[in-house]
Amino acid sequence: MKQLQSSNGGALLITLGLMLILTIAAIMAVNTAQTDIDLSFNQLNGDLAFYVAEAGLKRAFVDLNADNDLDTAYSQVSFERGFYSTIIIHGDTAQPMYDTVTIRSAGSVEDANANITALVVPELIYPFQFAMFGEDGINMVNNTCTDSYNSDSGTYATTVDTLTGGDIASNGTIFLDQSAYVAGDATTSDAGGITVCATCTVIGVTDDSIDPYVLDSIPQSDFDDAAADNDNMTGITGDFAWTAPMPSLILGTSDTAYLHTGVYYLKDITLTANSCLMVAPGESAVIYLDGTLTLENNTSVNPTEDPADCMIFSDGQIVSVGNDTELYVAFYGPDADVDLGQSCDWYGSIIAESIDALNTGSIHYDMALAEVPYGTTGKMLMIAWQEN
């Protein structure tokens, strides 16, 4: 009888021990489950905080595209289950990346937080993509030709390419006659608008079905700024004269004048026979031309220097270039009718309303100009972002 009681007592102890173990295991399982729930909850809130911060970032980016000068902050803006705060910071004009805008956005949901930083820059316009672009049309006659070179790699003589790069384009007609030669493509958006005679050559493609090329006007504010703050009186040296209406620049026969680094606002520019308008070696000039450009025979502009060092932005209508002239110039004139004389050598790029090159002229496209920007499209581009 005593042996049976002893056995019952042992079984009870074993049962109690097993119950204790199961209870501890159950408690641990509950704790583990609760920890997993807490972790999942925190992860969910962390993800939500990131999306809330991203919403604030995207709002600021959209608003910045609507107004590129926007400089504001959004504080504690409710969104879904949380809120975001966003600031827009423009670069310091004294710094190399002055046009870079920083957007910082912080999102919060419950006790979770997220921070995002993005870098935004304006989309730039690169206007000099062709040897010649004529909005309404291009005429090339009597051995007129295009080719290309690259001033970033060397001189014209060492980098000339007579097979590629000398592209011409229009939104109107392209007319090639009497052995005209194009070392590149001839393209237009005007169906049936390309005429190439039997003795003419286009090395690249001829295509009359491209999308119209948008020829942006030069903002009036650029001319106003140039007129208000220019280097006319201090930046030009040598032989020249001012004529009415001021400030119109004229170089007399065999005169030589030098442009030093700066911005110039000029009504008209006239170079009489054998004169030369130079950009001083190692310097660069930007000219805003509000009238006509007239180059008589045997004149030159910026000879032997890089075209990017002499850029002319014009809202005038007349560009008359005489015989045996030489220019190293990047010219942009959406309203200009350009008339190139016999044996003219133009190194750089011509962007105009119309271009007539009628007698053994040569247009040598400087491919380095393809990377030279002017102005912006008004659109902002996000180039990088990170979660902090």
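**Exercise 1. An aromatic pair at Phe-50**

Is Phe-50 buried or exposed, and what is its relative accessible area? Classify its pairing with Tyr-51 as well.

Solution.
- The model is a predicted one.
- Phe-50 has a relative accessible area of 15%. Buried means under 20%, so Phe-50 is buried.
- The structure holds 18 aromatic pairs. In one of them, Phe-50 and Tyr-51 have their ring centres 5.7 Å apart, with 70 degrees between the planes.
- An angle over 60 degrees counts as edge-to-face, and the pair of Phe-50 and Tyr-51 is therefore edge-to-face.
- The partner, Tyr-51, has a relative accessible area of 48% and is partly exposed.

**Exercise 2. A tyrosine pair**

Classify the pair formed by Tyr-149 and Tyr-156, and state the exposure of each residue.

Solution.
- The centre-to-centre distance between Tyr-149 and Tyr-156 is 5.5 Å, and their planes stand at 80 degrees. This pair is edge-to-face.
- Tyr-149 is buried, at 3% relative accessible area.
- Tyr-156 is partly exposed, at 22%.

**Exercise 3. Other ring arrangements**

Which residues do ring pairs link into a cluster, and which ring lies under the charged end of Arg-59?

Solution.
- The cluster linked by ring pairs consists of Phe-128, Phe-223, Tyr-288, Phe-313, Tyr-332 and Tyr-374.
- The charged end of Arg-59 sits over the ring of Tyr-74, at 3.9 Å from the ring centre.

**Exercise 4. The surroundings of Ile-168**

Locate Ile-168 in the secondary structure, give its burial and list its contacts outside the local sequence.

Solution.
- Ile-168 belongs to strand S7, which covers residues 168-170.
- The relative accessible area of Ile-168 is 0%, so this residue is buried.
- Setting aside neighbours within four places in sequence, Ile-168 contacts Met-132, Ile-138, Met-140, Thr-146, Ile-174, Leu-176, Val-182, Asp-185, Ala-186 and Thr-187.
- Thr-206 lies 38 residues from Ile-168 along the chain, and the two C-alpha atoms are 9.9 Å apart.

**Exercise 5. Two residues with positive phi**

Where are Glu-80 and Asn-142 placed, and what are their phi values?

Solution.
- Most residues other than glycine have a negative phi.
- Glu-80 has a positive phi, near 50 degrees. This residue is in the loop between strand S1 (73-79) and strand S2 (82-90). With a relative accessible area of 71%, Glu-80 is exposed.
- Asn-142 also has a positive phi, of about 60 degrees. This residue is in the loop between strand S5 (132-141) and strand S6 (145-149). Asn-142 is partly exposed, with a relative accessible area of 23%.

**Exercise 6. Cysteines**

How many disulfides does the structure hold? State the burial of Cys-145 and Cys-344.

Solution.
- The structure holds zero disulfides.
- Cys-145 counts as buried, at 18% relative accessibility.
- Cys-344 is buried too, with a relative accessible area of 1%.

**Exercise 7. The whole chain**

Describe the protein by its secondary structure, burial, contacts and surface.

Solution.
- The protein has four helices and 29 strands.
- There are 388 residues, of which 40% count as buried.
- Take the contacts between residues at least 6 apart in sequence: 50% of them join residues at least 24 apart.
- The accessible surface comes to about 19,100 Å², and carbon and sulfur atoms account for 54% of that surface.

Notes: Residues numbered from 1 in each chain as written. Predicted model: local features only at pLDDT ≥ 70, side-chain atom pairs only at ≥ 80, totals over all residues. Heavy atoms only, no water. Phe/Tyr/Trp six-rings, centres within 6.5 Å; stacked < 30°, edge-to-face > 60°. Buried < 20%, exposed > 50% of the residue type's maximum accessible area, 1.4 Å probe, protein only. Lys NZ or Arg CZ within 6 Å of the ring centre and 35° of its normal. Contact = heavy atoms within 4.5 Å. Disulfide = S-S within 2.5 Å. Areas by Shrake-Rupley, 256 points an atom, 1.4 Å probe, with all protein chains shown as cover.
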